Amino acid sequence: MNIVNPATEEIIADVKEDDSKTLAHKRNLLKMGQKNWAGRSLQQRLAIIVQFYDLLEVETERLAQLLTSEVGKPLQQSRNEINGARTRVRWMLDNAIQYLSHEIVTDTPELKEQISYEPLGVICNISAWNYPYLVGVNVIIPALIAGNAVMYKPSEYATLTGLEIEKLLKQAGVPDEVFKVAIGGRETGEHLLDMNFDGYFFTGSYKTGKYIYERVALKMVPCQLELGGKDPLYVADDVKDIASVAAGTADGVFYNNGQSCCSVERIYVHEKVYDDYIAAFLKEVQSWKVGLPTDEGVYFGALTRKEQIAVLEQQVKEALEHGASLLTGGERIERKGNYFEPTVMTNVTNHMKIMQEESFGPIIGIMKVHDDAEATYLMQDTVYGLTAAVYSESRERAETILSQIDSGTGYWNCCDRVSAGLPWTGRRHSGMGTTLSHQGLRAFTKTKAWHLRS
Ligand code: NAD
């Protein structure tokens with residue numbers, strides 16, 4: 001399999017894909033290794049993950065360069081991602097003992113009742129490319145901490161990063177037969193679905209996630225899905241500092257070229273502040289530089305997948321045909337690599353693809369609304385349920401709106417944000433199950449109830 005730099009179209013590596021035989025061999029090794037790993041104390045496993053955490057820091061610059069060469073995001077955003085992954089790992093290290101140790105529920109001379117958290121066994125993680133470190137550590141680290149062995153299939157667009165994660169984990173002391181990388185794309189994923197694991201943890205699109213869920217259902221093991229979104233954001237009429245709201249929300253749309261599961265993908269603005277907001281938003285977007293992701297000061301690098309450019313073009317075309325206005329951008333950039341102009345559209349409606357289907361690119365539709373009720377209705381008009389945001393001076397007003405939205409996350413005066421201590425969870429087409437927070441630590445365990453009568 002050739003690994004191609006999306007910013008230059010150069011082939012930067014050639015890796016051998018796994019087949020059903022190599023995968024079966026890896027899985028058998030994991031099966032053997034898992035028992036010993038689970039037999040170690042939680043403290044011993046944590047001591048190894050601390051080493052991994054430290055190695056990530058030591059290696060940040062090299063890893064960031066590699067990540068950028070593989071996925072096309074600006075170098076500084078690659079560094080940010082690795083630092084962000086470390087923050088998550090730190091939270092897991094600091095909280096694992098509290099949430100994975102036995103819990104005593106009843107403690108009398110006659111009866112003890114307690115809960116224990118046992119590892120699932122050998123789990124399979126099929127993952128995405130947009131934040132390979134972040135979505136990787138969400139699963140890999142708590143799974144290993146809890147005593148599981150892991151078969152990790154990075155996206156075919158983040159293979160080199162997946163192999164680096166493996167190298168660092170081994171260097172940190174994770175035994176060879178406890179963590180394996182499955183290399184390849186869809187076909188490799190299919191092989192993993194043909195095999196039997198003790199749990200499947202998927203990050204990726206709704207389409208693939210739904211398919212995986214159907215395949216795993218027959219196996220009767222846990223299946224967790226972190227899928228896409230069409231995340232809405234509402235700017236209410238009481239916001240004071242329009243320029244800073246516009247800057248913050250534009251970053252929520254365009255960071256990582258809009259290739260974030262929780263990117264803002266729809267904006268609704270109260271009519272009283274609409275004109276000022278649009279002017280400030282455009283000014284902000286037009287101040288950002290597009291270019292080679294390795295160049296200093298570039299905000300928009302290359303899109304990771306070439307195919308997404310056609311999706312974006314189609315969304316723009318369909319919106320224009322139905323009466324939308326194009327304020328800036330709208331076209332692919334004719335140069336080597338996968339580049340698309342930062343695009344802002346207004347006069348959109350919720351019937352258009354740009355307001356309904358995940359764009360996963362640097363484009364946004366912005367719509368004027370009359371009041372909170374209309375905004376709430378439009379925000380909720382989606383099959384997805386990952387995040388929703390409200391910008392307002394009033395926390396009460398924001399909470400009233402957000403409590404009516406069926407999403408896993410609600411943001412007041414912020415957006416496109418993930419915290420290690422809070423559950424990361426989607427609803428409806430955005431998935432099911434939880435990573436991060438104490439729930440995410442326990443997601444890789446099965447609980448046992450102990451009734452101990454003396
Ligand atoms: P994708 O669904 O195309 O691929 C995800 C993974 O599934 C890849 O490793 C791929 O090789 C594998 N795969 C593809 N077909 C398969 C099959 N038939 N059987 C088994 N495996 C198969 O998604 P992507 O393009 O890698 O990622 C982008 C999507 O991920 C977006 O929708 C984004 O919103 C979502 N995402 C969600 C979160 C979250 O936390 N909710 C985080 C990151 C990305």
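Helices (H or I, at least four residues) and strands (E, at least two) are taken here as DSSP runs, numbered from the N terminus. On that basis, the chain of this predicted model contains 14 helices and 22 strands. The briefing covers the overall fold, one helix pair, an annotated residue and several individual positions.

**Overall dimensions and packing**

- The radius of gyration of the chain is 23 Å, which agrees with the value near 22 Å that a compact globule of 454 residues would have.
- Measured out along the principal axes, the C-alpha trace covers about 70 × 55 × 40 Å.
- Of the 454 residues in the chain, 57% are buried.
- Among contacts with a separation of 6 or more, 71% join residues that lie 24 or more positions apart.

**Packing of α3 against α6**

- Two packed helices are described by the angle between their axes and by the distance between those axes.
- For helix α3 (residues 60-71) and helix α6 (residues 159-172), the angle is about 155° and the axes are 8 Å apart.
- Because angles over 145 degrees count as roughly antiparallel, α3 is roughly antiparallel to α6.
- On the α3 side, the contact is made by Arg-62, Leu-63, Leu-66, Leu-67 and Glu-70.
- On the α6 side, the contributing residues are Thr-159, Leu-160, Thr-161, Glu-164 and Leu-168.
- The residues of this contact between α3 and α6 comprise five nonpolar, two polar and three charged.

**The annotated residue Glu-226**

- An unreviewed UniProt entry lists Glu-226 under "active site".
- Glu-226 is located in strand β9.
- The relative accessibility of Glu-226 is 10%, so this residue counts as buried.
- When neighbours within four places in sequence are left aside, Glu-226 is in contact with Asn-138, Phe-202, Thr-203, Gly-204, Trp-424, Ser-430, Thr-434 and Thr-435.

**Positive phi values in loops**

- Met-220, a residue other than glycine, has a positive phi near 55°.
- Met-220 belongs to the loop between α8 (206-217) and β9 (223-226).
- With a relative accessible area of 74%, Met-220 is exposed.
- Phe-360, also a residue other than glycine, has a positive phi near 50°.
- The loop that holds Phe-360 runs between β15 (343-346) and β16 (363-369).
- Phe-360 counts as buried, at 12% relative accessibility.

**Positions Tyr-206 and Asn-95**

- Tyr-206 is part of helix α8, and its relative accessible area of 24% makes this residue partly exposed.
- Not counting residues up to four places away in sequence, Tyr-206 touches Leu-227, Gly-228, Tyr-384 and His-429.
- Between the C-alpha atoms of Tyr-206 and Leu-63 the separation is 29 Å, and the two residues are 143 residues apart along the chain.
- Asn-95 lies in helix α4 (residues 75-100) and is buried, with a relative accessible area of 15%.
- The C-alpha atoms of Asn-95 and Arg-62 are separated by 29 Å, with these positions 33 residues apart along the chain counted as their distance apart.

Note on methods: Residues numbered from 1 in each chain as written. Predicted model: local features only at pLDDT ≥ 70, side-chain atom pairs only at ≥ 80, totals over all residues. Heavy atoms only, no water. Axes fitted to C-alpha atoms, helices over the stretch in contact; angles between N-to-C directions. Parallel < 35°, antiparallel > 145°, perpendicular 65-115°, else oblique. Contact = heavy atoms within 4.5 Å. Nonpolar A, V, L, I, M, F, W, Y, C, P; charged D, E, K, R; others polar. Buried < 20%, exposed > 50% of the residue type's maximum accessible area, 1.4 Å probe, protein only. UniProt positions renumbered as here; feature names shortened; annotations may be inferred. Rg over C-alpha atoms; globule rule 2.2 N^0.38 Å.
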